[in-house]
Amino acid sequence: MLTKQRSTAKELAAKWVAQQQENGRTAGELHQTMFVYGDDVMQVDMNENKELHITDRTPQKVVVFRKPEPEPGHICRCCSMEYDHEKDALHCCAYID
Ligand SMILES: [Zn+2]
């Protein structure tokens, strides 16, 4: 399970690197880019042949603090009208069919 997640993180990083290079970014520019995927940390490193390698840099423990998402308003599922109270949103189109 953990192994599978690792490979996915590496695949994502490899895809991103390939995309960046298609867009004209050089190996030097991408060198030392870090990726965080869940608890996995990857880094792109350039060797002396200017080839990029993705290395697993996952430390023993990762703690990510995320800013809370702004709370969405209450939206009527039928017409997408926004309300301050959930009750009003539920009642909005409740009687129309
Ligand atoms: Zn509505």
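# Exercises on a predicted model

Ala 9, Ala 13, Met 42, Val 44 and Leu 52 form the largest nonpolar core, which has five residues in all. Two elements, α1 (2-22) and β2 (40-46), each give two or more residues to this core. Keep in mind that this is a predicted model. With that starting point, let us work through some exercises.

## Exercise 1: Around Val 44

Task: find out which residues Val 44 touches, not counting residues up to four places away in sequence.

Solution.
- Step 1. Start from the core, where Val 44 sits together with Ala 9, Ala 13, Met 42 and Leu 52.
- Step 2. Now list the contacts of Val 44: Ala 13, Val 17, Leu 30, His 31, Gln 32, Thr 33, Leu 52 and Ile 54.
- Step 3. Compare the two lists: Ala 13 and Leu 52 are among the residues that Val 44 touches, and both belong to the core.

## Exercise 2: Building the sheet

Task: work out in which order the strands of the three-stranded open sheet lie, and which strands are at its edges.

Solution.
- Step 1. Take strand β1 (residues 34-37), which is joined to β2 by four bridges, the two running antiparallel. Within this pair, Val 36 has Val 41 as its bridge partner, and Tyr 37 stands opposite Asp 40.
- Step 2. Move on to β2 and β3, an antiparallel pair held by five bridges. Here Gln 43 stands opposite Thr 55 in β3.
- Step 3. Put the pairs together: the order is β1-β2-β3, an open sheet with antiparallel pairing. The edge strands are β1 and β3 (52-56), since each pairs on one side only.
- Step 4. Add the twist: neighbouring strands of this sheet are turned by 25° against each other on average, direction ignored.

As background, strands of a sheet pair through backbone hydrogen bonds.

## Exercise 3: Turns and positive phi

Task: look at the two hairpins and say which residue in each has a positive phi.

Solution.
- Step 1. The hairpin of β1 and β2 has two residues between the strands, and Gly 38 there takes a positive phi near 60°.
- Step 2. In the hairpin of β2 and β3, five residues lie between the strands, and Lys 50 in the turn has a positive phi of about 60°.
- Step 3. Recall the background: most residues other than glycine have a negative phi. Lys 50 is a residue other than glycine with a positive value, and Gln 32 is another such case, with phi near 70°.
- Step 4. Place Gln 32 in the chain: its loop lies between α2 (27-30) and β1.
- Step 5. Check the surroundings. Gln 32 has 10 other C-beta atoms within 10 Å, so it is exposed. Lys 50 also has 10 other C-beta atoms within 10 Å and is exposed.

## Exercise 4: Asp 39 and Pro 68

Task: decide whether Asp 39 is exposed, partly exposed or buried, and do likewise for Pro 68.

Solution.
- Step 1. Asp 39 is in the loop between β1 and β2. With 14 C-beta neighbours inside 10 Å, Asp 39 counts as partly exposed, because the exposed class ends at 12 and the buried class begins at 20.
- Step 2. Beyond its neighbours within four places in sequence, Asp 39 is in contact with Thr 58 and Val 62. The C-alpha atoms of Asp 39 and Gln 60 are separated by 9.7 Å, although these residues are 21 residues apart along the chain.
- Step 3. Pro 68 lies in the loop between β3 and β4 (74-75). It has 5 other C-beta atoms within 10 Å, so Pro 68 is exposed.
- Step 4. Pro 68 and Gly 28 are 40 residues apart along the chain, and their C-alpha atoms are separated by 35 Å.

## Exercise 5: The whole chain

Task: explain why the protein chain is described as more spread out than a compact globule.

Solution.
- Step 1. Count the elements: the protein chain has three helices and five strands. Along the sequence they follow the pattern α-α-β-β-β-β-β-α.
- Step 2. Compare the radii: the radius of gyration is 22 Å, well over the 13 Å that the globule rule gives for 97 residues, so the chain is more spread out than a compact globule.
- Step 3. Look at the extent: the C-alpha trace spans about 70 × 35 × 25 Å along its principal axes.
- Step 4. Turn to the domains: the assignment gives domain 1 (2-56) and domain 2 (67-97), with C-alpha centres 42 Å apart.
- Step 5. Finish with burial: buried residues make up 6% of the 97 residues.

Methods:
Residues numbered from 1 in each chain as written. Predicted model: local features only at pLDDT ≥ 70, side-chain atom pairs only at ≥ 80, totals over all residues. Core = buried A, V, L, I, M, F, W, Y, C linked by C-beta atoms within 7 Å. Contact = placed C-beta atoms within 7 Å. Domains from an automatic or database assignment. Pairing = 2+ DSSP bridges. Axes fitted to C-alpha atoms, helices over the stretch in contact; angles between N-to-C directions. Rg over C-alpha atoms; globule rule 2.2 N^0.38 Å.
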